[in-house]
Amino acid sequence: MKKSINPSELKQLLAFAYPERRLLIWGTLFLALGSMVLLTFPQAVRITIDQAVETDNLALINKMGLVMLVILTIQAIAMALRYYLFTLAGERTVKQIRHKLFDKLLEQEIGFFDGQKTGDLMSRINSDSTVLQNTLSVNISMILRNLASAVGGLVFLFITSWKLSLWLIIILPPAALMAARFGGKVRKISKNVQHSLGAASAVADESLSNIRTVRSFAAEDVESSRFLGALDTALEIARNKIGLIARFTGVITLLGSMAIVLILWLGARMVIHNEITIGTLSAFILYTMTVAISVSTLGGLWTDFMNATGASSRIFHILNRTPLISNEKGRTLESLKGKITLRNIQFSYPTRPDYRVFENLSLCIEEGEAIALVGKSGSGKSTIAALIQRLYDPDSGEICIDGADIADLSAGWLRRQIGTVSQEPILMSTSIRENISYGKPDASDAEIKRAAEFAFAADFIGGFPRKYETLVGERGIQLSGGQKQRIAIARAMLKDPQILILDEATSALDAESEELVQRALQNLMKGRTVLIIAHRLSTIKNTDRVIVLSNGEIVEEGPHHELVNMPDGVYFQLVQKQVRGDGDR
Ligand SMILES: Nc1ncnc2c1ncn2[C@@H]1O[C@H](COP(=O)(O)OP(=O)(O)O)[C@@H](O)[C@H]1O
Ligand SMILES: [Mg+2]
């Protein structure tokens, strides 16, 4: 069992806090001041009782009342400042961590996301970071404060009466030992709590993102009980955790109270035997209470701290993960012609290592050539598109662009040379303008307009009251399929890529919008290397060459007019089916 926070993680946490060192140093100063001042309070009590009360010295009583007031005021101000400074430093640090975490997530390769649920990743940014935030802000300052008053209190205990203090020492070691053993347990269980919360959040995310499907299947109850199930699991683990903490808190509190009773009992006997004064006993009890309260608070804070290290290990798992495919590392080519070669590709998806999508695939697309990739669903067409964009690395074989292995090229640069339009274009929930210029944020208004015109989108955009500033609803829901598709085409047009990949770009459209989208695509294809994944004949006819894929292998290739005249061929069969299908429509 990993008992304490990993030293390298602690170092990283401290590195995040380093920019806030000024706030933290000031906070520590106020902390020291507040604790020190508070520790003088029992001395004032002792003087008041022993010197003023015993001798009926009214003037001294007044003076001591004033002194105590000043002491407590200074302490209160110092405490407020300490809280402010530490909390602010903590909030700022967590902001840094959240941002870094998000950037780190964006950096990860697509294969990583295949094995993750968005909801769980979101919970790392939200729930896990919040736990960390509490620790870094409030807890650290509280731990320091209580540590200071516990240690300071102990010192004063010895100064006040070393004989009574020796008795206290008997209680401390078992308490400290318990706290240490207990912390490890809480840390482990807290990690499980965060895991289960992440799982619940993943369920909620999935249901809400697919609310339309849920609604049309009237599956609200199913989703509700799925979420409830996840919440129940989380609650069960949380219950174990709070049970553990409750037992610990109880024991620590009991130990503290026992210490006070013990001191009162022993102390009273010492007063009777004239070994100490009543004032000294009062001061001693106040110090004992200070120490006892600090130690029991420290116990609670210790569990919180362990809690946070449980959550932080989920965060650090991502912060310290090196993506398998770096986005920017690698060289760039000065100019790109657009020849694509796949040689002896063997590939399985990382999440399905035992299923080979390609055993040994080779394919060459000349610069400026338009090829159509056809084949049954699941035959590997989209996977080829993903490999060319280097969303995944092949297990063996190489993919070259203009003769250069893409493994040596900067993946980010490569993707900027490739335009894609897919079946379900994803638009961001921003304005139409921002969606069109997504791949080229510095595009001028004129460029954006021209791209929209080429994509036959300018007309319908002009029909909206706010034109290019029209906000696209979440996931583009307020636009029709054909409109979204034409915005996606304008987006690709503006990017002006040398290589274009169209993955079933027209298959989700009705005949009427397909016509317009088809024409927009014709505009987009001019002068580029194009890979069209299609099952509509109308799209395929405009290409130079057709490649027929079946179970990850190329089974036929040649121009459409040749393949379509081979009655024994796979393509012929596909076209026959298609013609019948189209006739139905
Ligand atoms: N992200 C993924 N993770 C695991 N397997 C996948 C993934 N995407 C596709 N596959 C599998 O790879 C095979 C090829 O899929 P794909 O290239 O999408 O086919 P197509 O585009 O020709 O319909 C299918 O068996 C599919 O189930
Ligand atoms: Mg596909």
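Helices α6 and α8 run roughly antiparallel to each other, because their axes cross at roughly 170° and an angle over 145 counts as antiparallel. This is a predicted model, so please take the values as computed from it. Helix α6 spans residues 162-209, and its axis comes within 9 Å of that of α8. Sorted by class, the contact between α6 and α8 has 32 nonpolar, 6 polar and 6 charged residues.

Helix α8, residues 220-272, has a second neighbour to discuss, helix α9, residues 278-319. Here the axes come within 10 Å and again the crossing is roughly 170°. α8 and α9 are therefore roughly antiparallel as well. The contact of α8 with α9 has 15 nonpolar residues, 8 polar ones and 1 charged one.

Now to the strands. Is strand β8, residues 529-533, buried or exposed? 5 of its 5 residues are buried, so the strand is largely enclosed by the rest of the structure. In a regular strand, side chains alternate between the two faces of the sheet. In β8 both faces are covered. On one side sit Thr 529, Leu 531 and Ile 533, on the other Val 530 and Ile 532, and all of these are buried.

Which strands pair with β8? One is β3, residues 370-374, which pairs with β8 in the parallel sense over 4 bridges. Another is β7, residues 499-503, also parallel, with 5 bridges. Leu 531 is a useful residue to look up on the screen. Its bridge partner in β3 is Ile 371, and in β7 Ile 501 stands opposite Leu 531.

Last, the nonpolar cores. The largest one has 45 residues. Within this core, the residues with the most contacts are Ile 436, Ile 489, Leu 502, Leu 524 and Tyr 571. Which helix gives the largest share of this core? That is α15, residues 481-495, with 7 residues.

Take Ile 436 as an example. Leaving aside residues up to four places away in sequence, Ile 436 touches Ile 448, Ala 452, Ile 461, Tyr 468, Ile 487, Ala 490, Arg 491 and Leu 494. Apart from the largest core lies another, of 33 residues. Among its members are Val 357, Ala 385, Tyr 392 and Ile 371. We have met Ile 371 already, as the bridge partner of Leu 531.

Notes: Residues numbered from 1 in each chain as written. Chains lettered and ligands numbered in written order. Predicted model: local features only at pLDDT ≥ 70, side-chain atom pairs only at ≥ 80, totals over all residues. Heavy atoms only, no water. Axes fitted to C-alpha atoms, helices over the stretch in contact; angles between N-to-C directions. Helix = DSSP H or I, 4+ residues; strand = E, 2+ residues; numbered from the N terminus. Parallel < 35°, antiparallel > 145°, perpendicular 65-115°, else oblique. Nonpolar A, V, L, I, M, F, W, Y, C, P; charged D, E, K, R; others polar. Buried < 20%, exposed > 50% of the residue type's maximum accessible area, 1.4 Å probe, protein only. Pairing = 2+ DSSP bridges. Core = buried A, V, L, I, M, F, W, Y, C linked by side-chain atoms within 4.5 Å. Contact = heavy atoms within 4.5 Å.
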